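Trainee: I've got a fresh model open on my screen. Can we walk through it together?

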Amino acid sequence: MNFIAWTIVACEIGFWVVILAGLITRYLFKKKRLGLFFLALTPVIDLLLLIVTASDMYNGAVATQVHAIAAIYLGVSIAFGKSMIRWADVRFLYYIKKQGSKPEKKTGYAHARHSMKGSLQHVLAFIIGGAFLAGMIYFVADADKTEALFQMLKLWAVILAIDIGISLSYFIWPRAEKVKRHA
């Protein structure tokens with residue numbers, strides 16, 4: 001694995017480490033401001049990944065799928081970051097602190113709306129990550145060096161279309177509630 005790939009792995013680990021540190025500091029140690037500081041570090045991790053990827057491309061690297069994944073990671077992290085933190089926050093409170101209500105599994109149209117909200121966040125991630133990919137393609141200005149970026153952008157567009165299609169299907173065929181069996 002090359003340096004960029006390891007940087008992506010480190011950023012993903014760092015993302016969850018600062019979220020966990022923020023939640024632990026916030027709820028177990030009751031240091032809300034310090035917890036918020038840790039949670040606010042997530043965009044710094046994204047910025048670090050952007051700087052490393054851009055400098056690698058600037059220094060003449062031929063773009064690979066790993067460079068494209070870095071742009072996708074940035075888009076996803078920015079678009080889904082707040083909701084991922086909220087998701088972790090609710091579960092941390094319920095499962096670790098034993099506070100709040102148990103996170104519910106959505107069914108019916110509530111699930112369809114939740115899924116569509118996720119798809120719209122995916123659209124935002126595509127716009128952000130796609131802008132980074134398009135920017136790298138534009139600034140390198142060498143189709144041979146950026147072919148992997150262009151191919152990944154096309155693949156991501158197909159995945160996004162499938163995601164939206166699945167979300168729309170839940171409005172036609174809503175997820176049914178599971179029947180609880182009594183023993």
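Trainee: Which residues make the nonpolar surface patch of about 570 Å²?

Mentor: Keep in mind that this is a predicted model. Helix α6, residues 143–172, gives the most to the patch, with three residues. The full set making up the patch is Y109, L168, F171, I172 and W173.

Trainee: Is F171 buried, partly exposed or exposed?

Mentor: F171 is found in helix α6. Its relative accessibility is 31%, and the partly exposed class runs between 20% and 50%. So F171 counts as partly exposed.

Trainee: Which side chains meet in a salt bridge?

Mentor: In general, side chains of opposite charge can pair when their charged atoms come close. The cut-off here is 4 Å, and the count comes to one salt bridge. That pair links helix α1 (residues 3–28) with helix α4 (residues 65–96), across 63 residues. At 3.9 Å, N to O, the partners are R26 and D89.

Trainee: Of R26 and D89, which one counts as buried?

Mentor: Buried means under 20% relative accessible area. R26 has 21%, so R26 counts as partly exposed. At 17%, the buried one is D89.

Trainee: Which helix gives the largest share of the lining of the largest pocket?

Mentor: That pocket holds about 540 Å³ of space. Of its 15 lining residues, the closest to the centre include S83, W87 and R91. Both α4 and α5 supply at least two lining residues. The largest share, seven residues, comes from α4.

Trainee: How many charged residues line the second largest pocket?

Mentor: The second largest pocket has a volume of about 240 Å³. Among the residues closest to its centre are A54, M57 and F139. The lining has 13 nonpolar residues and two polar ones, and the number of charged residues is none.

How values were computed:
Residues numbered from 1 in each chain as written. Predicted model: local features only at pLDDT ≥ 70, side-chain atom pairs only at ≥ 80, totals over all residues. Heavy atoms only, no water. Patch = residues over 30% accessible without salt bridge, like charges linked within 9 Å, V, L, I, M, F, W, Y side chains within 5 Å. Areas by Shrake-Rupley, 256 points an atom, 1.4 Å probe, with all protein chains shown as cover. Helix = DSSP H or I, 4+ residues; strand = E, 2+ residues; numbered from the N terminus. Buried < 20%, exposed > 50% of the residue type's maximum accessible area, 1.4 Å probe, protein only. 1 Å grid on protein atoms, 1.4 Å probe; cavity = no way out; pocket = protein on both sides within 12 Å on 5 of 7 lines; lining within 4 Å. Points joined across faces, edges and corners; volume = space filled by probe spheres on them. Nonpolar A, V, L, I, M, F, W, Y, C, P; charged D, E, K, R; others polar.
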